[in-house]
Amino acid sequence: MSVQNLNTFDPFADEGDPLGSSTQDVGSQSNYIHIRIQQRNGRKTLTTLQGLPKEYDLKKLLKAFKKEFACNGTLVDDEESGQVIQLQGDQRLKISTFLVQEGIPKNTIKVHGF
(Lines give C-alpha, C1' and ligand atoms only; values in the text may rest on other atoms or scores of the structure.)
Protein backbone atom coordinates (compact mmCIF):
# COMPACT_ATOMS: atom_id res chain seq x y z
CA MET A 1 0.00 0.00 0.00
CA SER A 2 1.45 3.35 -0.99
CA VAL A 3 0.34 6.70 0.32
CA GLN A 4 0.27 9.44 -2.32
CA ASN A 5 -0.13 12.34 0.11
CA LEU A 6 3.31 11.97 1.62
CA ASN A 7 5.28 12.91 -1.50
CA THR A 8 7.79 15.68 -0.89
CA PHE A 9 6.62 19.02 -2.19
CA ASP A 10 8.16 22.37 -1.43
CA PRO A 11 5.64 25.20 -1.95
CA PHE A 12 8.41 27.80 -1.71
CA ALA A 13 10.57 26.29 -4.46
CA ASP A 14 11.04 28.04 -7.81
CA GLU A 15 8.87 26.98 -10.74
CA GLY A 16 11.66 25.16 -12.56
CA ASP A 17 12.54 23.21 -9.42
CA PRO A 18 9.49 20.98 -8.67
CA LEU A 19 10.82 19.14 -5.62
CA GLY A 20 13.00 21.87 -4.20
CA SER A 21 16.12 19.81 -4.84
CA SER A 22 18.60 22.61 -5.24
CA THR A 23 22.30 21.95 -4.99
CA GLN A 24 23.01 25.25 -3.24
CA ASP A 25 22.58 26.00 0.44
CA VAL A 26 19.29 27.41 1.66
CA GLY A 27 20.70 30.86 2.47
CA SER A 28 22.89 31.05 -0.62
CA GLN A 29 22.58 34.27 -2.61
CA SER A 30 25.23 33.68 -5.24
CA ASN A 31 24.69 34.34 -8.94
CA TYR A 32 21.61 36.48 -8.35
CA ILE A 33 21.00 40.21 -8.27
CA HIS A 34 18.69 41.02 -5.35
CA ILE A 35 16.42 44.06 -5.37
CA ARG A 36 14.74 44.59 -2.00
CA ILE A 37 12.54 47.20 -0.38
CA GLN A 38 12.74 48.26 3.27
CA GLN A 39 10.14 50.23 5.18
CA ARG A 40 11.39 53.34 6.93
CA ASN A 41 9.24 55.57 9.10
CA GLY A 42 5.71 56.33 7.91
CA ARG A 43 5.30 56.02 4.14
CA LYS A 44 9.03 56.29 3.42
CA THR A 45 10.75 53.33 1.75
CA LEU A 46 14.28 52.41 0.77
CA THR A 47 15.26 50.21 -2.19
CA THR A 48 18.48 48.17 -1.98
CA LEU A 49 20.37 46.52 -4.83
CA GLN A 50 23.06 43.91 -4.19
CA GLY A 51 24.84 41.12 -6.00
CA LEU A 52 25.90 42.96 -9.13
CA PRO A 53 28.82 41.39 -11.02
CA LYS A 54 32.26 42.88 -10.41
CA GLU A 55 32.64 44.21 -13.96
CA TYR A 56 30.08 46.96 -13.30
CA ASP A 57 31.22 50.23 -11.75
CA LEU A 58 28.78 50.80 -8.90
CA LYS A 59 29.49 54.53 -8.64
CA LYS A 60 28.63 55.13 -12.29
CA LEU A 61 25.58 52.90 -12.01
CA LEU A 62 24.39 54.80 -8.93
CA LYS A 63 24.82 58.10 -10.75
CA ALA A 64 22.78 56.79 -13.69
CA PHE A 65 20.03 55.50 -11.34
CA LYS A 66 19.81 58.84 -9.53
CA LYS A 67 19.53 60.77 -12.78
CA GLU A 68 17.11 58.37 -14.47
CA PHE A 69 14.74 57.85 -11.52
CA ALA A 70 14.96 61.38 -10.02
CA CYS A 71 15.76 60.12 -6.54
CA ASN A 72 18.66 60.26 -4.12
CA GLY A 73 20.88 57.30 -3.34
CA THR A 74 24.09 56.12 -1.76
CA LEU A 75 26.63 53.32 -1.86
CA VAL A 76 26.95 51.40 1.42
CA ASP A 77 29.63 48.86 2.39
CA ASP A 78 28.08 45.81 4.06
CA GLU A 79 30.16 43.13 5.80
CA GLU A 80 28.13 40.17 4.52
CA SER A 81 27.00 41.23 1.05
CA GLY A 82 29.73 43.66 -0.04
CA GLN A 83 28.73 46.97 -1.57
CA VAL A 84 25.01 47.72 -1.69
CA ILE A 85 23.25 50.50 -3.62
CA GLN A 86 20.49 52.22 -1.65
CA LEU A 87 17.90 54.40 -3.37
CA GLN A 88 15.07 56.45 -1.89
CA GLY A 89 11.54 55.29 -2.64
CA ASP A 90 10.17 52.16 -4.26
CA GLN A 91 12.36 51.77 -7.36
CA ARG A 92 12.18 47.96 -7.73
CA LEU A 93 10.47 47.74 -11.12
CA LYS A 94 12.44 50.64 -12.55
CA ILE A 95 15.75 49.07 -11.52
CA SER A 96 14.84 45.66 -12.93
CA THR A 97 13.77 47.08 -16.31
CA PHE A 98 16.90 49.28 -16.41
CA LEU A 99 19.16 46.26 -15.78
CA VAL A 100 17.37 44.13 -18.40
CA GLN A 101 17.79 46.91 -20.96
CA GLU A 102 21.50 47.01 -20.18
CA GLY A 103 21.87 43.32 -21.07
CA ILE A 104 21.57 41.49 -17.76
CA PRO A 105 19.40 38.33 -18.09
CA LYS A 106 16.01 38.63 -16.41
CA ASN A 107 16.27 35.20 -14.76
CA THR A 108 19.24 36.36 -12.66
CA ILE A 109 17.29 39.25 -11.11
CA LYS A 110 15.27 38.54 -7.96
CA VAL A 111 12.79 41.21 -6.83
CA HIS A 112 11.81 40.92 -3.16
CA GLY A 113 9.33 42.81 -1.03
CA PHE A 114 5.70 43.32 -0.30
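Phenylalanine 65 and phenylalanine 69 both sit in helix H1, four residues apart, or about one turn of the helix. Let's use that pair as the way into this predicted model, with a few exercises to try at the screen.

**Exercise 1. A pair of rings**

Task: Find phenylalanine 65 and phenylalanine 69 and decide how their rings are arranged: stacked, tilted or edge-to-face?

Solution:
- Begin with what to look for: a pair of aromatic rings is described by the distance of the centres and the angle of the planes.
- Rings count as a pair if their centres lie within 6.5 Å. For phenylalanine 65 and phenylalanine 69 the centres are 5.4 Å apart.
- Next, take the planes. They stand at 15 degrees, so this pair is stacked, the cut-off being under 30 degrees.
- By this rule, the model has three aromatic pairs.

**Exercise 2. Two helices in contact**

Task: Work out how helix H1 (residues 58-69) is oriented against helix H2 (residues 92-101), and which residues of H1 and H2 meet.

Solution:
- The two helices pack at an angle of about 120 degrees, and their axes are 12 Å apart. That angle makes H1 oblique to H2.
- Now look at the handedness: H1 passes H2 in a right-handed crossing.
- On the H1 side, the contact is made by Leu61, Ala64, Phe65, Glu68 and Phe69; on the H2 side, by Lys94, Ile95, Phe98 and Leu99. Both rings from the opening exercise, Phe65 and Phe69, are in this list.
- Sort the contact of H1 with H2 by class and you get seven nonpolar residues, two charged and no polar ones.

**Exercise 3. Tracing the sheet**

Task: Put the five strands in order and say which strands stand at the edges.

Solution:
- The order across the open sheet is E3-E4-E2-E1-E5, with mixed pairing.
- Strand E3 (73-78) and strand E5 (109-111) each have a single partner strand, so they are the edges, with one side of each left without a neighbour in the sheet.
- From one strand to the next, the twist averages 25 degrees.
- Step through the neighbours, starting at E3. E3 and E4 are antiparallel over six bridges, and leucine 75 has isoleucine 85 in E4 as its bridge partner. Three residues make up the hairpin connection from E3 to E4.
- Strand E4 (residues 82-88) is also antiparallel to strand E2 (residues 45-50), over four bridges. Here leucine 46 is partnered by glutamine 88 of E4.
- E2 and E1 are antiparallel over six bridges, with glutamine 39 opposite threonine 45 in E2.
- Finally, strand E1 (residues 33-39) and E5 pair in the parallel sense over three bridges, and histidine 34 stands opposite lysine 110 in E5.

**Exercise 4. A turn and a helix over the sheet**

Task: Which residue in the turn between E1 and E2 has a positive phi, and which strands does H1 lie across?

Solution:
- E1 and E2 form a hairpin with five residues between them. In its turn, glycine 42 has a positive phi of about 70 degrees.
- Return to H1: this helix lies across E2, E3 and E4. Relative to E4, H1 runs at about 10 degrees.

How values were computed
Residues are numbered from 1 along each chain as its sequence is written. This is a predicted model: local features need pLDDT of at least 70, side-chain atom pairs count only at pLDDT 80 or more; totals for chains, interfaces and linings use all residues. Side-chain values use heavy atoms; hydrogens and water are left out. Axes are lines fitted to C-alpha atoms, for helices over the stretch in contact, and angles run from 0 to 180 degrees between N-to-C directions. Angles under 35 degrees count as roughly parallel, over 145 as roughly antiparallel, 65 to 115 as roughly perpendicular and the rest as oblique. A crossing is left-handed if the near helix is turned anticlockwise from the far one by less than a right angle, and right-handed if clockwise. Contact means heavy atoms within 4.5 Å. Ala, Val, Leu, Ile, Met, Phe, Trp, Tyr, Cys and Pro count as nonpolar, Asp, Glu, Lys and Arg as charged, and the others, Gly among them, as polar. Two strands pair if DSSP finds at least two bridges between them. Rings of Phe, Tyr and Trp (its six-membered ring) pair if their centres lie within 6.5 Å; planes under 30 degrees apart count as stacked, over 60 as edge-to-face and the rest as tilted.
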